[in-house]
Amino acid sequence: FFRDFGKNCKVFAFSKDGTLFAWCNGEKVNIVNVASTELLHSFDLPKAVCLEFSPKNNVLATWQAYTTAKDGTAGMPNLQLYDVKTGKCLKSFIQKKMQNWCPCWADDESISARIVNNEVHFFENNNFDTIANKLHLQKVNDFVLSPGPQPSKVSVYVPGSKGAPSFVRLYQYPNFGGSQSALANKSFFKADKATMLWNNKATAVLVIASTEVDKTGASYYGEQTLHYIATNGESAVVQLPKNGPIYDVVWNPNSTEFCAVYGFMPAKATVFNLKCDPLFDFGTGPRNAAYYSSPGHILVLAGFGNLRGQMEVWDVKNYKLISKPLASDSTYFAWCPDGEHFVTATCAPRLRVGNGYKIWHYTGSVLHQCEVSPNAEIWQVSWQPFLDGTFPAKAVTYQAVPSELPSAELKVAQAYRPPALRNKPITSSKLHEEEPPQNMKPQPGNSDKPLSKMALKNQRKHEAKKAAKQEAKTDGNQESTPSPALQNVSHSTLPSVTSGDPEVDKKIKNLKKKLKAIEQLKDQAATGKQLEKNQV
């Protein structure tokens, strides 16, 4: 490939199978065959800022910023669709917004779709002159086509207005007639925008509903909720054990589980199954993103952006930690299609200094490193894609792969100590309570597993109910009076006792309060919390 030194090279794109490569150099959009580096086509589009190939490489979509004429008349069409084989322009559209600029295609290209005003327009077999089908919903804001084979499904999001809730509906193409034709429907309040994520098998969608502003003032990021919707009509709100923002949600490529990173820092990360039950909790840590490898056997939890770039690489099958590399100042992460390597990069305009990229092996070794000169910038980094199944999945290894480059180790900075304390022993005081990872799967015959706070609470409730029933049975019609036996029973099972003497009643009430407090402290101790001396 002859390097293009044009000052205005702003964007490039690989085809989905990695055989074609297109880029814009500020003069033309060029397409080359990757294997032979032969120039296939050149289009006169100097201002193209977005490029995308259709899944089977039949169409190249390009987008330029929309401009109106000086006299206020409508501008020229700015979204072009080119036939990759002939180089002919199939169709031009006016697409004002950059958001959702590109038409969506089914994997076999039998249908494609784009959003126009209050409608989703569907085209068949890349014939963009005829609208084959329309899905009309008032104020439809976003849609996503399902991956995988036919029949294609589509999820649509309509934001709420005037007290009506927002909703996401799933349809199967081409059955769009009336509300009864929807496969599933989930409505919710508190949603200014929604992100919809299909799993690979197209059996379920995860919806992250978020508001721009948190009315309670608890979070700078607004408020988020996570919803699960299946094509069989089932839906649920995913219960996240820690309050705070939802930073990232990703499906495992096997489509049977997903990972969520959420909660005020240090954030929690949890893997859930299709019943939205937690399978494994990774505890808390400085992280805001999750990435599954293409075979789905390794999961990387990372803290990029305003965090230091710490990564945790986990073996998904055994839930064992493989490595903890550090990629400082990273703004981009991507798995290699081989499922063994990944790239981290520092790109402009997110960061304009220290731009470069590193190639890693998942065991934590840096295999290649590139740093650009101080006045240069990197705008885009990408692996050449390959079709699924090109690389056979290999067994997970824990031994670090040899490398000629030193791996970045996390340096623990010493906390500042005032002169008066420097010769005294260090007393550790943590800003946050850190939670260790724990397996949430119910283990057969394993009853001494540490229970989560929620499980403990439910267990206590259950035991209290049981005890109360027993109490009622044994008491029958007898007058209930306080007895020594009651001291061992949980506070919630104590029957209400009135002695007739208000002073005695007051003492009983205070004792009950103390018993309740003791009970709560015991529970806190059971969940691993360090108690103060006076609490003990």
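Which strand is the place of T346? T346 lies in strand 30, residues 341-346. Strands here are DSSP runs of E with at least two residues, and helices are runs of H or I with at least four, numbered from the N terminus.

Before I go on, a word on what we are looking at. This is a predicted model, where local features need pLDDT of at least 70, side-chain atom pairs count only at pLDDT 80 or more, and totals for chains, interfaces and linings use all residues. Residues are numbered from 1 along each chain as its sequence is written, and side-chain values use heavy atoms, with hydrogens and water left out.

Back to T346. Its relative accessibility is 6%, so T346 counts as buried. Buried means under 20% relative accessible area, exposed means over 50%, and partly exposed is in between, with a 1.4 Å probe and protein chains only. Leaving out residues up to four places away in sequence, T346 touches ten residues that I can simply read out: S328, D329, S330, T331, L351, V353, G354, N355, G356 and I378. Contact means heavy atoms within 4.5 Å.

Next, the sheets. Two strands pair if DSSP finds at least two bridges between them. One open sheet has four strands in the order 9-10-11-12, paired antiparallel. Its edge strands are strand 9, residues 104-105, and strand 12, residues 133-136, each pairing on one side only. Two bridges hold strand 9 against strand 10, residues 111-116, in the antiparallel sense. In that pairing, C104 is opposite A113 of strand 10.

A further open sheet of four strands runs in the order 13-14-15-16, again with antiparallel pairing. Here strand 13 and strand 16 are the edges, each with pairing on one side only. From one strand to the next the twist averages 15°. For that angle, axes are lines fitted to C-alpha atoms, for helices over the stretch in contact, and angles run from 0 to 180 degrees between N-to-C directions. Inside this sheet, strand 14 and strand 15 are antiparallel and joined by six bridges, with Y157 opposite V168 of strand 15.

That brings us to the cores. A nonpolar core is a set of buried Ala, Val, Leu, Ile, Met, Phe, Trp, Tyr and Cys residues joined through side-chain atoms within 4.5 Å. In general, nonpolar side chains in soluble globular proteins tend to be buried together. The largest core here has 18 residues, and V120, F122, L135, V154, V156 and Y171 touch the most other members. Two or more residues come from each of strand 10, strand 11, strand 13 (142-145), strand 14 (153-158) and strand 15. Strand 14 gives the largest share, three residues. As for V154, its contacts beyond four places in sequence include F122, L135, F143, Y171 and W198. Apart from this core lies another of 16 residues, among them A269, Y292, V316 and Y319.

Now the aromatic rings. How many aromatic pairs does the structure hold? The count is 22. Rings of Phe, Tyr and Trp, the last by its six-membered ring, pair if their centres lie within 6.5 Å; planes under 30 degrees apart count as stacked, over 60 as edge-to-face, and the rest as tilted. F122 and Y173 are one such pair, with centres 5.1 Å apart and planes at 45°, so the pair is tilted. F122 lies in strand 11 (residues 119-124) and Y173 in the loop between strand 15 (166-172) and strand 16 (184-188), so the pair ties together parts 51 residues apart in sequence. F122 is buried at a relative accessible area of 0%, and Y173 is buried at 10%. Elsewhere, Y291, F304, F333, W335, F342 and W360 form one aromatic cluster.

Two rings also have a charge over them, meaning NZ of Lys or CZ of Arg within 6 Å of the ring centre and within 35 degrees of the ring normal. R114 has its charged end over the ring of F93, 4.2 Å from the centre. K320 does so over Y398, at 5.9 Å.

Last, strand 26, residues 298-302. Five of its five residues are buried: I298, V300 and A302 on one side, L299 and L301 on the other. Strand 25, residues 289-292, runs antiparallel to strand 26 and is joined to it by four bridges, where Y291 has V300 as its partner. The two form a hairpin with five residues between them, and G296 in the turn has a positive phi of about 80°. Strand 26 also pairs antiparallel with strand 27, residues 311-315, over five bridges; there A302 is partnered by M311.
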